[in-house]
Amino acid sequence: MLNKDLVIIGGGSAGMAAAIEAKKNGVDDILILEKDSVLGGILNQCIHNGFGLTEFKEELTGPEYLQRFVKQVEELGIEYRCDALVLDVTKDKVVTYSNAEDGVVSLQAKAIVFATGCYERGAGAIQIPGDRCAGIITAGTAQKYLNIHGFLAGKRIVILGSGDIGLIMARRMTLEGAKVLCVSEIMPYSNGLNRNIAQCLTDYDIPLYLSRSVSKVVGKHGRVEKVILSAVDDKMKFIPGTEMEFECDTLLLSIGLIPYVSLLDKIKAEMSSTRGAKVNDYFETSIPGVFACGNCLHVHDVVDFVTDEGRDAGKGAAKYIKGLVEKNTTILVKPGDGISYVIPQTITNKNADSITFKFRVRRPIQNVFVTFEDNGNEIAKFVRPVLIPSEMVMLKLNQAQLAKIESGEITVSIKERK
Amino acid sequence: MSKDLTCIVCPRGCRLHIDDDLNVTGNSCPRGAQYAKDELTNPKRMITSIVRVKNRENCMASVKTSVSIPKGKIFDILKEIEKVSVNAPTHIGDVVIKDVLGTGSDIIITKEIK
Ligand SMILES: Cc1cc2nc3c(=O)[nH]c(=O)nc-3n(C[C@H](O)[C@H](O)[C@H](O)COP(=O)(O)OP(=O)(O)OC[C@H]3O[C@@H](n4cnc5c(N)ncnc54)[C@H](O)[C@@H]3O)c2cc1C
Ligand code: SF4
C-alpha cells in the first residue's frame, strides 16, 4: 500500500488552505483528493463578486478568489488529484479513492483532513405538498447548471428560502432572462445579508414574502405548472384563505445547507449539533489524526473564514504528524444561554498562546455581553452591540484567560446588559 | 427627494438615509455616504455574467465589468456579453469587450480554464 503523510479530502477553499499551511509547517508528503474535475469547490460556480474582503482587502468573484489558492498549491508543488472520489476511510487512516486513470487506490495516511464541504437540503427534507414533478431543484444545482454549463433551469421561477444563495440566484436568473416571480421565506425575517436583499431583489423589483411558504405544487403533466404560497402562523401552520397562486415552470429551493460527513460518520467520529464532527483546539475530531474544517465542520457564509479555518486545521495536522501536539487537559466547551453551538467543543492545550472560539446566536439580539464562565466564575466577558444568527461570531481567549480555567468545563453564554 | 436605502458597498449592509440636501445618516464609514449620494444621482453596479467557451463541451467562462457601470445600462451590456464567445485556455483579466457601450468599463474574464 502507498503511504502519504497527509491526505486532504476535498480541494475547495478549506482543503487548499489546509494543504498550503501544512506544507508551510514542514509537511512535504501531501495529497489532495478532489472528486470534481478542478480544484476550488463551490466557488467555481459562485461567479458573483464579494469574496476576499478580509483575506485580500479586495472584492473578488468566486473563481478569482479560488485561483489565488490554486496558484499557491501549484507553486508549492503540492500534489493533487482531480476526478478522484474518496470512497472509504478507516479509523486507521486508510483512504480509498477511485479515479479513471489510477483505478481504485488505497493509501495509508499519517493524518487526514476532511474538507468535503456541505450539501443542500432538497425537496424531500421539507415534504413539499402537492404533485411530484420535474422543475423542483435546489438553488445551488441551478447555479451550477447556469454558471458552469450554460443551461437556464427555467423561465418563470418561484424561489423558496431567502438565504444568500436564493437571493443571489434570483438576480442571476433575472439577468439571464428568466422571470423571477418572488422569493418566499417561512421565517418572519430573511437569513440573507441586507446587502443581498438590496442588490438582488430590490434592484430588480422582485418581491420578498416573509412568513410564507409553499402550500402546494401543481404539476399534472410532468412539470411544475403552478406554485401556491400560503401565510404561516407562529407555529408554522398554513393559514387558510391566504393562498397566492403563481404560474411558473420552476421552484428553486434554498432551504439550508448540511455538512457533508458520511465518511466521518462511518468511522464513528463524534458529531455535534452543527451536524458536523466535534473537534478540539487543533481541529482534530474524536478520532486521533483525523481533522475537519470548512463547511463540512459547520456551514460558513464568508469564504475568508473558511480559508482561515483550513489553515488552522492544516497547522494542527502538521503538528500531529511531527509529534508536536501538546495535550495537557480536557476542557469541554458548552454552548450556554442564547448560543446554538461553539467550536471547538474541547480544549486540550491550556498553554496555547490563544484559542479562537466560533459560535452563532439563536436569535437576533442587541446590547449584550458574551461571557465565558468556569463553574460560574467569569473568565472573560465581551460587549457586543448587535448579534444575529446569520453571522458567525469569533472571540479569542488569550493565555492568561485560558490559565484561569480550573474545572473541566466552560460555558459560553449571552447575557443582557442592564 | 429623501430616501432610505441599504448600503451595498460591503457585507455589513448599513441602513442609510439621505435627505434633499444630500446629507447622509446611518453609515458606519465614508464609503456609505458616497454610495448614498451616487445612488441618488448616478446609481452604478458591478455586473458578472458568463460567456460560452467554444472549444469545450457545455462550458462557460465567467466575466465581470472591470469597473461599475450605470445601473440603467445593465441589460444593454448583458446583450453585448451574450454576443461574445471565447476559446480556452482563458485567463483571469483577459479583455473580451473593450470599453463596453462607451461606459469606460471592459468586460474581463474571471476564470482560468485550461
Ligand atoms: C451558493 C453559495 C454562495 C456563496 N456566496 C458567498 C459569498 O458571496 N461570499 C462569501 O464570502 N462566501 C460565500 N459562500 C460561502 C463560501 O464560499 C463557502 O462556505 C466556501 O467556499 C466553502 O469551502 P469548503 O472548502 O468548505 O467547501 P467546498 O467549496 O464545497 O469544497 C468541498 C470540496 O470537497 C469535494 N469533495 C466532497 N466529498 C468528496 C469526496 N468524497 N471525495 C473527494 N472530494 C470530495 C467537493 O467536490 C468540493 O470540491 C457561498 C457558498 C455557497 C454554497
Ligand atoms: S456604510 Fe460603510 S460599513 Fe456600512 S455597509 Fe456601507 S461600506 Fe459597509
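**Reading a ligand shell, two domains and some ring contacts**

Modeller: In this predicted model, the residues surrounding ligand 2, each with a heavy atom within 4 Å of it, are Cys7(B), Val9(B), Cys10(B), Gly13(B), Cys14(B), Asn27(B), Ser28(B), Cys29(B) and Gly32(B). Residues are numbered from 1 along each chain as its sequence is written, while chains are lettered from A and ligands numbered from 1 in the order in which they are written. Local features need pLDDT of at least 70 and side-chain atom pairs count only at pLDDT 80 or more, whereas totals for chains, interfaces and linings use all residues, and side-chain values use heavy atoms, without hydrogens and water.

Colleague: How many residues of the shell around ligand 2 are nonpolar, polar or charged?

Modeller: Ala, Val, Leu, Ile, Met, Phe, Trp, Tyr, Cys and Pro count as nonpolar, Asp, Glu, Lys and Arg as charged, and the others, Gly among them, as polar; the shell around ligand 2 then holds five nonpolar, four polar and no charged residues.

Colleague: Which domains does the assignment give for chain B?

Modeller: Domain bounds come from an automatic or database domain assignment, and for chain B this gives domain 1 (3-41) and domain 2 (48-109), with 29 Å between their centres, taken over C-alpha atoms.

Colleague: Where does the charged end of Arg68(A) sit?

Modeller: A charge sits over a ring if NZ of Lys or CZ of Arg is within 6 Å of the ring centre and within 35 degrees of the ring normal. The charged end of Arg68(A) sits over the ring of Phe56(A), 4.7 Å from its centre, and that of Lys381(A) over the ring of Phe369(A), at 4.2 Å from the centre.
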